[in-house]
Amino acid sequence: MKGGNGGRFLGGQFSFFLAAVLFTTIFLWCWEKSPLLTTLLSAQDQFIMQSSEISVDESSVSLGSNQQKMDEHSNSQIAEGRIEENRLEISDSFVENVTVMPSNKSIDDKKIMTSQLERKACNFAKGKWIADRRRPLYSGFKCKQWLSDMWACRLTQRTDFSYEGYRWQPENCEMPDFNGSEFLRRMQDKTIAFIGDSLGRQQFQSLMCMAAGGEEMPEVENVGWKYGLVKPRGAVRPDGWAYRFPNTNTTILYYWSASLCGIEPFNVTDPATKFAMNLDQPPGFLRKYLDLFDVVVLNTGHHWNRGKLNANRWVMHVDGKPVVDRKLAEIGNAKNFTIYSIARWLDSQIAVRPKLKSFFRTISPRHFSNGDWNTGGRCDNTIPLTKGNEVQQEESSDPVIGDAVKGTKVKLLDITAISELRDEGHISHYSLKASKGINDCLHWCLPGIPDTWNELLYAQL
């Protein structure tokens, strides 16, 4: 009897000990879960606030400063409301399910927003030139279907072509390798229009060769007639060209408009008539055919000098009247006025054509030394990158065009600083049609530097 009672007493003590251990374990487990709830709430708050900051930052791009402040205040209130709602949702979910896992959609959204921020911070004009054995992107001996002989340096007396073996690598941007077939697929049923001076024509010819891989493509159609690009009687050439790749219904065209102004003759019946150079109007071609374009690339700059204006018999006009303001009549001011005018006009057109992608290419640099094109200027260097291989500046080297597109939906195609480093890539004195003593330190050999301009364009499409 005594032994039995002792056993029951020890058994009772052991049961009480087990109950105490179990109670302590449950208490500690619950206490440890409390920080988890705090952590989850903190992470959710941070994610929502990041979303709010991205929303506010993106909206500020297209709004004025006053509107921006109003939106920031509104978004802040909305974000605060969402924080409280999500706190309640997470708290309820925690009570019911103990463990809360973020949905796949939240993770995907966060990745998308991070990607958007990275793209926004990207500056394609900041980076360096690096050697690439895969260059050039097409043969300079081929592509005769679109490449002018005067720019095909492989057909000239030039013997050094090391300038062909480099590619541009942006510092913080994804720069996809150009692929002609992929480009045409992405541009299926679309039209890309280059409008500008002879440097724009070079970029046009470059893209034609890049899209075709430098190969002859007899199936590509000349559709210039659809855009009025037919050589007038007595003219040396038409005002532009347009070609259609039938497999993807992709059209690439170029229209010559050196000033990006609306040009109108005083007297259409007089061969020697002067022309109104309307600084406040875009080219008539652009106004007429804009609805047919999906991508527009503009450029201007090198025809803005008194000699060119006089040779073309252009007379500056604003509001349909000759310019009498002496300050505006100065070449630099007139050019800047025109650039701002067409940038604002194109931005207004994008508002009613949201699928239209527009780019304003910055000026291509000249490399004449010891004179100009008609005074013995030369560019004899053939060694790549003697001026260095990097661009580290944040702002464009063409501040006029850079400032003109700020606050608009027209994108900057910034090629000035990166091309400034490539003085060895010009036609120089090797042109087949060059006059004795005349060097071309303005235009580029093809294949060459304009190919990189198109790679930058491709990356931003």
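Start by selecting Ser369, which is partly exposed with a relative accessible area of 34%. Here buried means under 20% relative accessible area, exposed over 50%, and partly exposed in between, with a 1.4 Å probe and protein chains only. Ser369 sits in the loop between strand 12 (357-361) and strand 13 (390-391). Helices (H or I, at least four residues) and strands (E, at least two) are DSSP runs, numbered from the N terminus. Now add Cys379 to your selection: its C-alpha atom is 6.4 Å from that of Ser369, with the two residues 10 apart along the chain.

A word on what you are viewing: this is a predicted model, where local features need pLDDT of at least 70, side-chain atom pairs count only at pLDDT 80 or more, and totals for chains, interfaces and linings use all residues. Residues are numbered from 1 along each chain as its sequence is written, and side-chain values use heavy atoms, leaving out hydrogens and water.

**Salt bridges**

Next, select Arg366 and Asp372, whose side chains meet in a salt bridge at 2.7 Å, N to O. The term stands for a side-chain nitrogen of Lys or Arg within 4 Å of a carboxyl oxygen of Asp or Glu, and the count comes to 18. Arg366 is partly exposed at 36% relative accessibility, and Asp372 is partly exposed at 27%.

Move on to Glu215 and Lys142, a salt bridge of 3.5 Å, N to O. This pair links distant parts of the chain, 73 residues apart: Glu215 is in the loop between helix 5 (198-212) and strand 4 (221-222), and Lys142 is in the loop between strand 1 (127-131) and strand 2 (166-170).

While you are in the loop that holds Lys142, click on Cys143, which lies between strand 1 and strand 2. Cys143 is not a glycine, yet has a positive phi of about 60°. At 0% relative accessibility, Cys143 counts as buried. Pro136 is in the loop between strand 1 and strand 2 too, and the peptide bond leading to Pro136 from Arg135 is cis, with omega near 5°.

Arg135 also takes you to a network of salt bridges that links Asp132, Arg134, Arg135, Arg167, Asp177 and Glu455.

**Helix 12 and its approach**

Follow Glu455 into helix 12, where it is one of the buried residues. Because 11 of the 12 residues of helix 12 are buried, this helix is largely enclosed by the rest of the structure. Try a distance between its ends: the end C-alpha atoms of helix 12 (residues 449-460) are 18 Å apart, which agrees with the 16 Å that its 12 residues should span at 1.5 Å a residue. The expected span is 1.5 Å times one less than the number of residues. Just before helix 12, look at Pro447, in the loop that comes after strand 16 (440-444). A cis peptide bond joins Leu446 to Pro447, with omega about 0°.

**Helix 9**

For another helix, select residues 331-352: helix 9 has 22 residues and reaches 33 Å from its first C-alpha to its last, close to the expected 32 Å. Its buried residues include Ile331, Ala334, Ile342 and Leu346.

**Last stop**

Finally, select Leu260 in the loop between strand 6 (250-256) and strand 7 (262-265). Leu260 has a positive phi of about 60° although it is not a glycine, and at 1% relative accessibility Leu260 counts as buried.
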